[in-house]
Amino acid sequence: MIFIDKFITFLAARRTRRYLTFDRYESDSLAAAEKEKSYLLYMHIPFCQELCPYCSFVRVKFDRCLAIKYFAALKKEIALYHEQGFRFDSIYVGGGTPTVMPEELAEVIEYARTFWEIKRLSVETNPNHLTDDILGILKAAGVNRLSVGVQSFNNEILESTDRLAKYGLGEEIAERLSSIAGMFDTLNADMVFNFANQSDEMIMQDIEILKKVCVDQVTWYPLMVSKGQKKELFEKCGEVDYRREKQLYKLIVENLGQVYKQQ
Ligand SMILES: C[S@@+](CC[C@H](N)C(=O)[O-])C[C@H]1O[C@@H](n2cnc3c(N)ncnc32)[C@H](O)[C@@H]1O
Ligand code: SF4
């Protein structure tokens with residue numbers, strides 16, 4: 001019986017040998033080349049105090065214990081990259097809401113700086129986190145670029161996307177952005193176009209507000225609907241019409257283009 005088992009294993013190994021054959025790299029050149037380069041380190045902080053119904057990014061409801069473990073795991077991963085010989089000269093922290101635990105975020109950044117000279121540091125945040133305390137922590141951590149999720153200044157859109165109660169009126173967000181202009185090298189506003197209940201006029205109003213607020217940069221995303229969000233988004237904002245995308249894109253480029261240079 002044992003012999004038959006061994007024989008069958010031997011035959012199976014022979015038959016599948018060609019599928020399990022790995023060639024060594026010619027040399028270590030690939031690894032060496034990678035190690036000579038400097039990279040951008042993307043760190044994802046998936047926690048949000050509340051989840052927005054349209055959001056297609058990886059995010060989970062904030063849980064303090066889980067977040068503490070997550071920040072500790074990030075440090076371990078940073079050490080692993082360092083051990084592997086990788087070099088980073090910039091960091092982009094996206095989310096989720098990276099500023100959900102600002103002190104812990106600053107600690108992770110400081111930890112990364114013990115290994116590498118970080119020249120550019122970009123962090124995403126939400127309008128309710130533009131407080132003096134959080135901004136102070138981000139400034140002290142050396143953030144150069146702060147990206148604020150606005151989506152729209154229109155209160156109807158903010159309401160239907162569950163952002164009005166969380167982040168305040170469009171007017172308040174605009175005012176707060178204006179008040180922190182110049183604090184970071186780059187202040188970016190993230191906007192979204194093509195919500196079903198978003199008219200051309202609403203987009204035009206957003207453009208006019210952006211011009212007055214004077215953020216340094218605007219990133220305008222076309223609404224992307226993931227399978228998981230489709231039903232909730234439909235109930236809150238209506239059915240997305242992708243045929244409008246091109247026309248709205250042109251509207252934004254033509255009107256925002258008067259003041260901002262398109263990248
Ligand atoms: C993933 S969020 C993370 C930062 C922050 N929590 C926020 O709400 O801005 C970054 C940006 O992605 C964009 N975004 C999120 N879901 C989107 C979607 N389904 N389609 C297009 N853009 C989206 C929004 O403009 C948002 O500001
Ligand atoms: S849009 Fe921002 S705040 Fe809203 S769920 Fe997505 S990551 Fe969180």
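Here are three short exercises, with worked solutions, on a predicted model of a protein chain with a ligand.

**Exercise 1. Get an overview of the protein chain: how many helices and strands does the chain have, and what share of its residues is buried?**

Start with the secondary structure, which comes to 11 helices and eight strands. Next, look at burial: 29% of the 263 residues count as buried. Finally, take the contacts between residues at least 6 apart in sequence; 78% of these join residues at least 24 apart.

**Exercise 2. Explore the surroundings of ligand 1: which residues are closest, and which elements give two or more residues to the shell?**

First, find the shell, where 16 residues surround ligand 1. The closest of them are S56, F57, G149, D190 and Y221. Then turn to the elements: strand 4 (87–95), strand 6 (145–151) and strand 7 (186–193) each give two or more residues to this shell. Last, sort the shell residues by character, and you get seven nonpolar, seven polar and two charged.

**Exercise 3. Place N144 in the model: is N144 buried, exposed or partly exposed, and why?**

Begin with its position, in the loop between helix 5 (132–140) and strand 6. Now count neighbours: N144 has 15 other C-beta atoms within 10 Å. A buried residue needs 20 or more and an exposed one has 12 or fewer, so a count in between means partly exposed. N144 is therefore partly exposed.

To finish, see what N144 meets. Not counting residues up to four places away in sequence, N144 touches R120, L121, S122, F184, D185 and T186. Take L121 from that list: N144 and L121 are 23 residues apart in sequence, yet 5.4 Å apart in space, C-alpha to C-alpha.

Terms used:
Residues numbered from 1 in each chain as written. Chains lettered and ligands numbered in written order. Predicted model: local features only at pLDDT ≥ 70, side-chain atom pairs only at ≥ 80, totals over all residues. Near = placed C-beta within 6 Å. Helix = DSSP H or I, 4+ residues; strand = E, 2+ residues; numbered from the N terminus. Nonpolar A, V, L, I, M, F, W, Y, C, P; charged D, E, K, R; others polar. Contact = placed C-beta atoms within 7 Å.
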